[in-house]
Amino acid sequence: MSSTPHAIALIRVGRLTDVWYPFWGNNRPQFCGRKGFELKCHDNQYTSIQIGHQTFKVLFIHVLLQKVIIALNDLSGGLCSAGIFHDFREIIIDRNLFNYSPNVRVLSLYYNCGDKLSQEGKNDISCPTEPEKITGFYTIDGNSLLPNRSKSCNRVIKVPFLQTDEPSFNTTNDLLAGKWNDVLRRGFEVEYRTYNEACSQCVSSAGICGSNPSNLEQFACLCRDKPHMNTCDNPGMLPPLST
């Protein structure tokens, strides 16, 4: 039986619609996507993706530009309510599948500082809801706008964020105003890698990009008759997929 009808169905998970290769999940089987790109829907409210040992909330996908905005799944209530200062694990993305966008910066959150902070500043951190009160400060890596106010902090958390200059979401202004939780909740952008040339040839032959059902690590062009390695044998058998 041909796998093509299943692959034609675009993914609709949570608030994301019209998502296709390399993503799969929900109404779209794994052979219609690529390993490492499964999307999961949670009560039709939000979508998540597993990258390495961490789960991220998927905020936006631009299939044509091959970009995804993701955020740590624990950040819906902010860093303080997530208890992240006690059990945070470094964010590591799979570089075989993803790269950080050029617009991504790193926010460094310093705490457990041995001396008194130099002065009260706009980049203060205060989490009274933790089991023990957390105080500290944050800086933007490679940016001197927010100064390092102590040399004796023995803990630091580094979290990527998306740098934007839009009037409604000006990241620098928000960080200068102390809105670090808001900035981190907006997530960060990654660019994903896929078989661009092979997929383009497949689509040109009226096929649909996917994986070999017998070997999900291998790219396949899903055609009306059966999966092919690169292109469909008879391009006239199936109209091209509209993206």
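This is a short talk on the cores, the main pocket and the disulfides of one structure.

Keep in mind that the model is predicted.

I'll start with the inside. The largest nonpolar core has 51 residues. Which residues have the most contacts inside it? They are Leu109 and Trp180. Strand 8, residues 104-113, gives this core its largest share, namely four residues. There is also a second core, separate from that one, with five residues. Among them are Phe31, Cys32, Ile208 and Leu222. Cys32 has a relative accessible area of 0%. The cut-off for buried is under 20%, so Cys32 counts as buried. As a general point, nonpolar side chains in soluble globular proteins tend to be buried together.

Next, the pocket. The largest one holds about 200 Å³ of space. Its lining comes from 12 residues. Nearest the centre lie Glu90, Ile91, Val106, Lys158 and Val159. What is the character of the lining: nonpolar, polar or charged? Nine of the residues are nonpolar, three are charged, and none is polar. Strand 8 and strand 11, residues 153-162, each supply at least two lining residues. Strand 11 gives the most, with five. Strand 8 is the strand we met in the largest core.

Those two strands bring us to the disulfides. How many are found in the whole structure? The search finds four. I'll take three of them in turn.

The Cys113 to Cys153 bond comes up now, with an S to S distance of 1.9 Å. Cys113 sits in strand 8 and Cys153 in strand 11. They are 40 residues apart, so this is a link between distant parts of the chain. The torsion about the S-S bond is about 90°, which makes this disulfide right-handed. Both cysteines are buried.

Cys199 and Cys209 form another disulfide, with sulfur atoms 1.9 Å apart. Here the torsion is about 105°, so this one is right-handed. Cys199 is in helix 6, residues 196-204, while Cys209 is in strand 15, residues 208-212. The pair therefore ties together parts that are 10 residues apart in sequence. Both of these cysteines are buried.

Then there is Cys202 with Cys221, S to S 2.1 Å. The torsion about this S-S bond is about 85°, so the disulfide is right-handed. Cys202 lies in helix 6, and Cys221 in strand 16, residues 215-222. These two are 19 residues apart, and the pair links distant parts of the chain. Cys202 is buried, and Cys221 is buried too.

One more cysteine deserves a word. Is Cys41 buried, partly exposed or exposed? Its relative accessible area is 31%, so Cys41 is partly exposed.

Last, helix 6. We have seen that Cys199 lies in this helix, and Cys202 does as well. Which residues of helix 6 are buried? They include Ala198, Cys199 and Cys202. These three cover an arc of only 95° around the axis, so they are on the same side of helix 6. The general background is simple: an α-helix has 3.6 residues a turn, so residues three or four places apart point the same way. What does the face turned away from the buried side carry? That face of helix 6 has the exposed residues Glu197 and Ser204.

To recap the helix: Cys199 pairs with Cys209, and Cys202 pairs with Cys221.

Notes: Residues numbered from 1 in each chain as written. Predicted model: local features only at pLDDT ≥ 70, side-chain atom pairs only at ≥ 80, totals over all residues. Heavy atoms only, no water. Core = buried A, V, L, I, M, F, W, Y, C linked by side-chain atoms within 4.5 Å. Buried < 20%, exposed > 50% of the residue type's maximum accessible area, 1.4 Å probe, protein only. 1 Å grid on protein atoms, 1.4 Å probe; cavity = no way out; pocket = protein on both sides within 12 Å on 5 of 7 lines; lining within 4 Å. Points joined across faces, edges and corners; volume = space filled by probe spheres on them. Nonpolar A, V, L, I, M, F, W, Y, C, P; charged D, E, K, R; others polar. Disulfide = S-S within 2.5 Å. Arc of directions from axis to C-beta.
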